[in-house]
Structure formats: C-alpha cells, structure tokens
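Visitor: I'm new to this one, and I'd like to be walked through it slowly. Could you show it to me?

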Amino acid sequence: MSVNKEIKKITTNTLQKMKANGEKISMITAYDFSFARIFDTAGIDVILVGDSASNVMAGNETTVPMTIEHMIYHAQCVVKGIDRCLVVVDMPFGYYQSNSDIALASAIRIMKETGGHAIKLEGGEEVIDSVKRIVSAGIPVMGHLGLTPQSIYKFGTYNVRAKEQAEADKLRNDAKLLQEAGCFAVVLEKIPAHLAKEVSESLEIPTIGIGAGKYCDGQVLVMHDMLGINTEFKPRFLRQYLNMHEQVTGAVQQYISDVKQKDFPSDAESY
Ligand code: KIV
C-alpha cells in the first residue's frame with residue numbers, strides 16, 4: 001500500500017484508525033532536520049527521535065549516557081523538518097525511572113521545548129504511575145516492551161527477550177497495563193513473533209515491532225541500520241534498503257580524487 005495522501009496530519013487517532021482498518025503503520029528514527037524532511041516527504045507515518053541517537057549520532061555503546069538536553073536538541077531539529085508525520089520523542093534513561101514527579105516534569109519539558117507530539121518510555125508495571133500522570137497531563141505516551149535498551153546492564157545481552165514463560169507472561173501483563181494507563185501505542189522489541197501476534201491481537205492500541213515479526217500493527221527501524229550507514233550491525237530482523245556506507249565512501253573518494261587531480265572545481269564551477 002502506498003502513502004495515503006488524504007491524511008494531512010498523522011495523529012495518535014490516525015494510528016488507532018490504521019489499526020482498526022488493518023493498515024500497517026510505518027515508523028523510522030531520525031535525529032536531524034534534513035533526514036526528517038526526507039522521511040516526512042516520503043510519507044512516513046511516525047518519526048521516532050530515538051535515544052538510539054546515543055549509538056548512531058554520539059558513538060556511545062549504549063543509550064544510557066543520553067541526557068534530556070541531547071534529546072531536546074535532536075527533537076527540535078527533527079520537528080523543523082516535518083509537516084505531516086507524528087513525532088515521538090524518547091525519554092532518556094534517568095529522567096523518569098526514579099519517580100512520577102520527575103517523569104512528569106521531564107515529559108512536560110520535552111513537549112514544551114521541542115514541539116514533538118508524544119513521548120516514549122521503556123518498561124511496564126515499574127513505570128505505570130509515571131505513564132498515568134503523563135497521560136493525565138495531556139501528553140500522549142508510547143510504551144516500549146521486550147528488549148528495552150536502557151536496561152542493557154540488567155539483561156547483559158541484546159538477545160531476543162520473553163522466550164521463557166515467566167517473561168512472556170510479564171510482557172502480556174505489562175502490555176495490558178500500558179493500554180489501561182492510556183498509552184496510544186506500544187513498541188515491541190526483539191520478542192518471538194508468535195508472542196507479538198498474541199499481544200497485538202489482544203490490544204486495542206497499535207503495536208509497533210522491531211524484531212518482533214510481521215503481525216505487529218506497524219514496524220520501526222533505526223535509520224542508520226536500514227539505510228546501511230552502519231556496517232557492523234546486521235541482526236536477522238534488519239532489512240537493509242540501501243548501502244549508504246559504500247555509496248558515500250565512493251562519492252567522497254571521487255571528490256578527494258577530483259580535488260587532488262585539480263579536476264574540481266572546473267571553470268563552469270567557478271565565478
Ligand atoms: O531509540 C530507538 O531507536 C528505539 C527504537 C529501536 C524503537 O527505541
């Protein structure tokens with residue numbers, strides 16, 4: 001299915017209707033103005049200003065070092081580039097886990113200073129009070145279950161989550177709690193496809209999968225992975241649509257050669 005040009009602005013209600021109509025939701029990460037503009041013009045439904053910025057923009061190993069100031073900066077840049085899509089901004093580690101007062105203050109700050117449309121946070125039962133208070137303040141919240149990268153030091157690995165009964169049961173329960181608390185959608189990261197299917201069918205709100213199979217109501221990928229800017233990260237769930245690393249390397253090598261050969265600039269490229 002191609003882009004629905006009838007939709008002038010994607011809202012959380014639009015996503016709800018998409019689920020009801022069986023139209024899959026497309027989501028991609030972005031961290032700057034220029035890519036946000038390309039993705040929005042291409043017709044993406046949702047841009048996630050992910051705290052994966054920590055990995056792909058800042059070069060950190062985990063998302064843990066990200067601050068609220070970093071997230072606000074990236075979100076401000078993205079928001080300037082979009083007209084149509086919904087912009088969701090990740091709450092960084094340490095700005096919502098300790099108590100719901102801090103969580104609410106962080107969410108309000110992100111909304112006020114960025115112009116983003118919603119926030120995302122990781123976790124289930126542990127963060128339910130925060131989710132409820134943020135939703136009560138009128139801020140749309142996207143949940144995130146399964147592999148939650150901010151907890152990497154608890155998990156120890158980036159392997160598939162919820163393969164065991166106990167963890168799968170917790171995830172089912174967390175998904176229900178997030179829906180009851182007022183989340184408008186929930187990301188399911190790196191869990192078995194059959195579990196994602198069951199959760200997607202049991203919820204009224206849309207699920208957005210990453211490494212969670214084809215039965216989710218939408219899919220999200222990190223832009224650097226799907227465009228092939230990264231070369232090292234090739235998990236099974238990733239479909240790479242471009243090899244930007246190779247293409248950019250070739251272009252820059254050509255430019256270097258043109259400069260060295262005194263081929264650039266030409267007379268036509270001079271004043
Ligand atoms: O930060 C991020 O990019 C994310 C996606 C992987 C869902 O949370």
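Guide: This is a predicted model, and a good place to begin is helix H4, whose buried residues pack against helix H2 (33-42), strand S2 (46-49), helix H3 (53-56), strand S3 (86-90) and helix H5 (100-114).

Visitor: Which residues in H4 are buried, then?

Guide: The buried residues of H4 are Ile68, Met71, Ile72, His74, Ala75, Cys77, Val78 and Val79.

Visitor: And how far apart are the end C-alpha atoms of H4?

Guide: They are 18 Å apart, which agrees with the 18 Å that the 13 residues of helix H4 (residues 68-80) should span at 1.5 Å a residue.

Visitor: New topic: what volume does the largest pocket have?

Guide: Its volume is about 600 Å³, and of the 30 residues that line the largest pocket, Ser52, Asn55, Glu189, Val222 and Phe233 are the closest to its centre.

Visitor: Which strands and helix supply at least two residues each of that lining?

Guide: Strand S1 (25-29), H3, strand S6 (185-189) and strand S8 (218-221) each do so, and the residues of the lining divide into 13 nonpolar, 8 polar and 9 charged.

Visitor: How many aromatic pairs does the structure hold?

Guide: The structure holds 3 aromatic pairs. One of them joins phenylalanine 35 and phenylalanine 39, whose ring centres are 5.7 Å apart with planes at 35 degrees, so the pair is tilted, since it falls between the stacked limit of 30 degrees and the edge-to-face limit of 60.

Visitor: Where do phenylalanine 35 and phenylalanine 39 lie?

Guide: Both lie in helix H2, 4 residues apart, which is about one turn of the helix. Phenylalanine 35 is partly exposed, with a relative accessible area of 21%, whereas phenylalanine 39 counts as buried at 8%.
Phenylalanine 233 and phenylalanine 237 also pair, with ring centres 6.5 Å apart and planes at 70 degrees, so that pair is edge-to-face.

Visitor: Is phenylalanine 233 buried or partly exposed?

Guide: Phenylalanine 233 is partly exposed, with a relative accessible area of 42%, and phenylalanine 237 counts as partly exposed at 27%.

Visitor: What about the backbone: which peptide bond is cis?

Guide: The bond from phenylalanine 264 to proline 265 is cis, with omega near 0 degrees, and proline 265 is found in the segment after helix H11 (244-260).
Lysine 262 is also found in the segment after H11; its phi is near 60 degrees, a positive value in a residue other than glycine, and lysine 262 is exposed, with a relative accessible area of 74%.

Visitor: And where is alanine 162 found?

Guide: Alanine 162 is in the loop between helix H7 (152-155) and helix H8 (165-181). Its phi is near 60 degrees, a positive value, and alanine 162 is buried, with a relative accessible area of 5%.

Notes: Residues numbered from 1 in each chain as written. Predicted model: local features only at pLDDT ≥ 70, side-chain atom pairs only at ≥ 80, totals over all residues. Heavy atoms only, no water. Expected span 1.5 Å × (residues − 1). Buried < 20%, exposed > 50% of the residue type's maximum accessible area, 1.4 Å probe, protein only. Contact = heavy atoms within 4.5 Å. 1 Å grid on protein atoms, 1.4 Å probe; cavity = no way out; pocket = protein on both sides within 12 Å on 5 of 7 lines; lining within 4 Å. Points joined across faces, edges and corners; volume = space filled by probe spheres on them. Nonpolar A, V, L, I, M, F, W, Y, C, P; charged D, E, K, R; others polar. Phe/Tyr/Trp six-rings, centres within 6.5 Å; stacked < 30°, edge-to-face > 60°.
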